[in-house]
Amino acid sequence: MMGSDAKGRTVMEVGADGVALITIIHPPVNALSFDVLRSLKDNYDQALRRDDVKAIVITGAKNKFSGGFDITAFEETRKGTMGREQKPGYISVEIMTDTLEAARKPSVAAIDGLALGGGLEIAMVCHARISTPTAQLGLPELQLGVMPGFGGTQRLPRLVGLSKALEMILMSKPVKGEEAYTLGLVDAIVSPDELVNTARQWALDILDCRRPWVRSLYKTDKIEPLGEAREILKFARAQARKQAPNLQHPLVCIDCIEEGIASGPRAGLWKEAEAFQGLMRSDTSKSLIHVFFSQRGTMKVPGVTDIGLVPRLVNKVAILGGGLMGSGIATALILSNYPVILKEVNDKFLQAGIGRVRANLQSRVKKGKMTQEKFEKTISLLKGVIDYESFKDVDMVIEAVIENVSLKQQIFADLEKYCRPHCILASNTSTIDLNLIGERTKSQDRIVGAHFFSPAHIMPLLEIVRTKQTSPQVIVDLLDVGKKIRKTPVVVGNCTGFAVNRMFFPYTQAGLLLVERGTDLYQIDRVISKFGMPMGPFRLADLVGFGVAIATGMQFIQEFPERTYKSMLIPLMQEDKRAGEATRKGFYVYDEKRKASPDPELKKYIEKSRSISGVTIDPKLVKLPEKDIVEMIFFPVVNEACRVLAEGIAVKAADLDIAAVMGMGFPPYRGGIMFWADTLGSKYIYSRLEEWSKTYGEFFKPCAYLAERAAKGAPLSSPVEQAKPRL
Ligand SMILES: C[C@H](O)CC(=O)SCCNC(=O)CCNC(=O)[C@H](O)C(C)(C)COP(=O)(O)OP(=O)(O)OC[C@H]1O[C@@H](n2cnc3c(N)ncnc32)[C@H](O)[C@@H]1OP(=O)(O)O
């Protein structure tokens, strides 16, 4: 019997044909909670006992087999409150292998929608699998910092071969039903309405020896001989080390696969079960699971998404400006089937803009990610114009012209005239105050920021910037568009730099402060890359270009003069026409293949900026240990993130984690900026910043929020009492 507060269940119906149909029911994705697993075992035991049951079919309710082990149950498991279920091997060996797979009655999995992680592992325990062509099958556990724990490391290689299994597991990459069939992972493909009946018949056919009765765990025909397998595994290890040098769990997973091949699948199962338990407790897994839930949590905005508003349909979008940003945004929209009007000021600029969109799509064709036919269809959604005539039936406009206040003000005044009254008026500005932009209109309630990151069709983050007047309906609409174009939207308040650029402006500044006092610039970049950032602050400044760096720097100097570190290093270099990667010279020099190398010439610029700043070399900073480099670069970022939170610019700390991960490439396996900071503790961060601020000045001064948290010994990410922007 299940209590009413059970987290999911299974139901069993026995048909006149003697087939017991067990259905997993746990909305929304039929995740395998301990309650579901317990109920599955009970029903299975019953089916094996009952004389009127000859065979078993397992399926999932509402056209979804299962999204895998219940991620919310990881926490319970860590706490160790689950009793025998969490004894290593209880589920994977005792239940799945020795009860389900070893049963004297055949079972078949009927898969629609998704069979991921533990879901696919249950399906692989069955004696055959029938799938719909569109179902997604995969073992994406590594993306959560764990690994398959219900036998996946043993059965998948035996069903599809070692190389393919490694690819699917290490890249957390599912395959569609069609491909699963060619691989041998499923035995037949049928339409959703034939699914269950085909599976029932298949199970009876196995019983009558008309179909093979396969126990995947003991299959050997697909796995390579040991010597060859070891070569493949060696290569996989090298790849894993190269791609993610800070991560252990991919290597642990490869070890378990190897154990199964070298010492037999049961030995492999036991090793997997032990390793899974260990990984579930790791910091990496805690961090990645935090990111998983936080990413979904950005769609929940108090006072906006919880007041019953339904997103309005956005049928057509207009974009102003076909530059780098405008064309990227247009690409993102047409890729998700939105008809787009691209407006430029004259035909020449318009053709250039359309050319950029075409090139963005072409590169997908070249990489084999898009067919020529799909290319034609997608590009046909784009229409170029040079006036406002066709703006009368658009539902949303995104302005992406140069950062010029009066130009933007003129544009928004025009938009108010040409667009329908419900049309959303969005700006992609990354620096200018939205209130200023809308000053010459009466449409403040429908003006909103849609801040994309370059390249807009690739970067996953969308900052939705609201002013105090932006209506909740407009935010709900934009959240919906964001989701449809597969971005992770984060709703933030209006301020200089919004969340991402504001949090990360001290990133480069801290670097400059250290370099002027003697720390090696290239050493800083190396240490920060090793920490897990895609690149260090100086390589990033080269990529962004010094023009942009100086312009945004000015904004911050104006807005936050007391804590902006004013170094002349970048302006000095720019004077000499070293402006970053685009000029092939910045902090690094670049060859034709855009490979960056250090430049000894840099010394003279550093010396000059040091003397302008009036500072001297500090022997302590010359020999700064790696740990201190990381902290001196990132604690100022944490400090600013605290201010952003305290001011109510971000709704919750987890949103800043996502903004850091998706907007700046902060390593997801560290959980995001605030999550990471909390692993070190507010007290520690405060005391270090306080110490540096005494020696190196205001730049490091801990903010009031950080001081208060440190005094209480409270986490930085616990809810803020007065975070609501005061209206
Ligand atoms: C022992 C085993 O080997 C270990 C495991 O199985 S670990 C789990 C392996 N499974 C996974 O990694 C799959 C994780 N989930 C996903 O990738 C995606 O959610 C999905 C592809 C299943 C569905 O995607 P999509 O349709 O876009 O919906 P999405 O918004 O992501 O999820 C819907 C809801 O289900 C929840 N959810 C998804 N998978 C879940 C899971 N495995 N456990 C618990 N909740 C889950 C989400 O948190 C979300 O909740 P919310 O509505 O409250 O925000």
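**A walk through the predicted model**

Let me begin with lysine 62, which is exposed, with a relative accessible area of 77%. Lysine 62 lies in the loop between E3 and H2, and although lysine 62 is not a glycine, its phi is positive, at about 50 degrees. I should say at once that what we are looking at is a predicted model, and I will keep to what can be read from it.

Arginine 584 invites the question of where it is placed. The place of arginine 584 is in the loop between helix H23, residues 569–575, and strand E18, residues 588–590. Arginine 584 also has a positive phi, of about 65 degrees, without being a glycine, and at 42% relative accessibility it counts as partly exposed.

Let me turn to the sheets. In one open sheet, 6 strands follow the order E1-E2-E3-E4-E6-E9, and the pairing is mixed. The edge strands here are E1, residues 9–14, and E9, residues 188–189, each of which pairs on one side only. Within this sheet, strand E3, residues 55–60, runs parallel to strand E4, residues 107–111, and 3 bridges join the two; valine 57 stands opposite valine 108 in E4. Helix H1, residues 34–49, lies across E1, E2, E3 and E4, and it runs at about 20 degrees to E1. In the loop between E2 and H1 we find proline 28, and the peptide bond that leads from proline 27 to proline 28 is cis, with omega near 0 degrees.

There is also an open sheet of 3 strands, in the order E5-E7-E8, again with mixed pairing. Strand E5, residues 114–116, and strand E8, residues 175–176, stand at the edges with a single partner strand each, so one side of each is left without a neighbour in the sheet. E5 pairs with strand E7, residues 136–138, in the parallel sense over 3 bridges, and leucine 116 stands opposite glycine 138 in E7. Helix H4, residues 118–125, lies across E5 and E7, running at about 95 degrees to E5.

Which residues of helix H12 are buried? Among them are Thr284, Leu288, Ile289, Val291 and Gly297. What covers the buried residues of H12 includes helix H2, helix H10, helix H11, helix H27 and helix H28. H12 itself, residues 283–297, has 15 residues and reaches 21 Å from its first C-alpha to its last, close to the 21 Å expected at 1.5 Å a residue.

Now for the aromatic rings, of which a search of the whole structure finds 30 pairs. One of these is the tilted pair of phenylalanine 69 and phenylalanine 74, at 5.6 Å centre to centre and with 45 degrees between the planes; phenylalanine 69 and phenylalanine 74 are both buried. Another tilted pair is formed by tyrosine 588 and tyrosine 590, at 6.5 Å centre to centre and with 55 degrees between the planes. Tyrosine 588 is buried, with a relative accessible area of 9%, and tyrosine 590, at 6%, counts as buried as well.

Charged side chains meet rings too: arginine 211 lies over the face of tryptophan 202, at 3.7 Å from the ring centre, and lysine 343 lies over the face of tyrosine 388, at 4.8 Å from the ring centre.

I will finish with serine 454 and proline 455, which are joined by a cis peptide bond with omega at about -10 degrees. Proline 455 lies in the loop between strand E15, residues 447–452, and strand E16, residues 461–466.

Key: Residues numbered from 1 in each chain as written. Predicted model: local features only at pLDDT ≥ 70, side-chain atom pairs only at ≥ 80, totals over all residues. Heavy atoms only, no water. Pairing = 2+ DSSP bridges. Helix = DSSP H or I, 4+ residues; strand = E, 2+ residues; numbered from the N terminus. Contact = heavy atoms within 4.5 Å. Axes fitted to C-alpha atoms, helices over the stretch in contact; angles between N-to-C directions. Phe/Tyr/Trp six-rings, centres within 6.5 Å; stacked < 30°, edge-to-face > 60°. Buried < 20%, exposed > 50% of the residue type's maximum accessible area, 1.4 Å probe, protein only. Lys NZ or Arg CZ within 6 Å of the ring centre and 35° of its normal. Expected span 1.5 Å × (residues − 1).
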